[in-house]
Amino acid sequence: KHEKNAKILLTLESSDYMTSSIYERYKIYAKEYKMNISNMRKLWGIIKPICFHPEFLARCEKPFYHHDTKMLGDHIICDAIVTYIIAQKLKERNEKFKHLRVETAVVIAMFHDLYEIPWQNTFNKKRLRNKHGFVHPIEATVNSITWFPEYFTNKEKALIIIDGIMHHMYPLPVRAVDKSDIELNNQKKYDALPEKYKNMIKLSTDIGKIGHYSFRKSFFTEGKIMSKADKMVALKKDIGSINGYIALLSGKNKNIK
């Protein structure tokens with residue numbers, strides 16, 4: 001009964017409700033992916049500081065539809081759950097992955113789609129190579145560093161997180177950071193980044209670069225796991241209609257009014 005009521009309440013749209021209900025919607029998704037109570041609590045301990053950030057909460061409401069009619073914040077939470085499940089199982093069951101950074105993989109999941117503005121039914125006139133699908137990993141990286149700088153103080157972890165965000169769309173490419181205009185929606189934030197982070201972002205796209213694109217998967221296991229989880233959530237759970245799939249190519253979704 002409690003779970004049923006929580007699902008009904010998720011239709012409410014006030015920011016006050018979003019703030020108070022974020023844990024409830026997290027629990028619903030965790031149960032959907034069959035997480036046990038112990039792992040549910042452990043994962044919440046990792047993602048809670050990010051979930052309660054105002055910018056994350058904003059992405060749990062209209063107009064931030066991500067895949068079809070699923071809110072961006074919900075998609076991110078589901079990605080974090082699936083990433084945690086995969087990473088934890090590998091670490092526990094395979095000696096090869098005993099040094100796997102489960103928390104870092106989850107952080108990549110929480111940051112990977114923190115792009116600037118909604119993309120469905122938003123018709124910005126940009127060059128094809130600068131469309132949302134190719135540049136949103138860059139925007140998400142910039143926003144993550146800007147809003148959550150404490151996660152990027154360690155250089156090694158920063159490289160892993162940045163590379164994971166940048167290449168989460170693999171096998172689709174990401175826009176390479178070169179001398180041409182990338183037309184970022186958060187260009188001012190990018191310009192304000194310390195040079196060390198700009199260099200990390202550029203380095204991540206220089207490798208595997210062909211023309212204006214970088215074609216490669218993340219170098220790090222944490223990023224590869226998160227990328228796999230992203231496909232599982234998007235294709236198996238998020239998109240529930242033909243219009244949702246059409247929107248991936250056209251940017252227009254008739255299901256969203």
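These questions and answers go through a predicted model, from its core to its surface.

Reader: Which helix gives the most residues to the largest nonpolar core?
Author: The largest nonpolar core has 69 residues, and those touching the most other members are Tyr26, Ile47, Phe56, Ile81, Met110 and Phe111. In soluble globular proteins, nonpolar side chains tend to be buried together. The greatest contribution to this core, 11 residues, comes from residues 72-93, which form helix α5.

Reader: What is Met110 in contact with, leaving aside its neighbours within four places in sequence?
Author: Met110 is among the core residues that touch the most other members. Contact here means heavy atoms within 4.5 Å. With the sequence neighbours left aside, the contacts of Met110 are Ile47, Ile50, Cys51, Phe56, Ile76 and Ala80.

Reader: Which strands are the edge strands of the open sheet?
Author: The sheet has 3 strands in the order β1-β3-β2, with antiparallel pairing. β1 pairs with β3 (residues 213-214) over 2 bridges, and Arg175 has Tyr213 in β3 as its bridge partner. An edge strand pairs on one side only, and this holds for β1 (174-175) and β2 (209-210).

Reader: Where is the cis peptide bond with omega near 15°?
Author: One cis peptide bond, with omega about 5°, joins Lys62 and Pro63; Pro63 is in the loop between α4 (54-58) and α5. Pro171 is in the loop between α8 (155-166) and β1. The cis bond with omega near 15° runs from Tyr170 to Pro171.

Reader: Is Lys34 buried or exposed?
Author: Lys34 is in the loop between α2 (15-32) and α3 (37-51), and its phi is positive, near 60°, although it is not glycine. The cut-off for exposed is over 50% relative accessible area. Lys34 has a relative accessibility of 74%, so it counts as exposed.

Reader: Why does Asn121 count as partly exposed?
Author: Asn121, in the loop between α6 (102-111) and α7 (132-147), also has a phi near 60°. Partly exposed covers the range between under 20% and over 50%. Asn121 falls in that class because its relative accessible area is 27%.

Reader: Which helix gives the most to the nonpolar surface patch?
Author: Leu235, Tyr245, Leu248 and Leu249 make this patch of about 450 Å². Tyr245 lies in helix α12 and is partly exposed, at 37% relative accessibility. With 3 residues, the main contributor to the patch is helix α12.

Reader: What separates the C-alpha atoms of Gly240 and Asp68?
Author: Gly240 is in the loop between α11 (221-238) and α12, and at 70% relative accessibility it counts as exposed. Gly240 and Asp68 are 172 residues apart along the chain, and their C-alpha atoms are separated by 7.0 Å.

Note on methods. Residues are numbered from 1 along each chain as its sequence is written. This is a predicted model: local features need pLDDT of at least 70, side-chain atom pairs count only at pLDDT 80 or more; totals for chains, interfaces and linings use all residues. Side-chain values use heavy atoms; hydrogens and water are left out. Patches are made of residues with over 30% relative accessible area and no salt bridge: like charges are joined within 9 Å, nonpolar side chains (Val, Leu, Ile, Met, Phe, Trp, Tyr) within 5 Å. Accessible areas come from the Shrake-Rupley method with a 1.4 Å probe; for residues, only the protein chains shown count as cover. A salt bridge is a side-chain nitrogen of Lys or Arg within 4 Å of a carboxyl oxygen of Asp or Glu. Helices (H or I, at least four residues) and strands (E, at least two) are DSSP runs, numbered from the N terminus. Buried means under 20% relative accessible area, exposed over 50%, partly exposed in between (1.4 Å probe, protein chains only). Two strands pair if DSSP finds at least two bridges between them. A nonpolar core is a set of buried Ala, Val, Leu, Ile, Met, Phe, Trp, Tyr and Cys residues joined through side-chain atoms within 4.5 Å.
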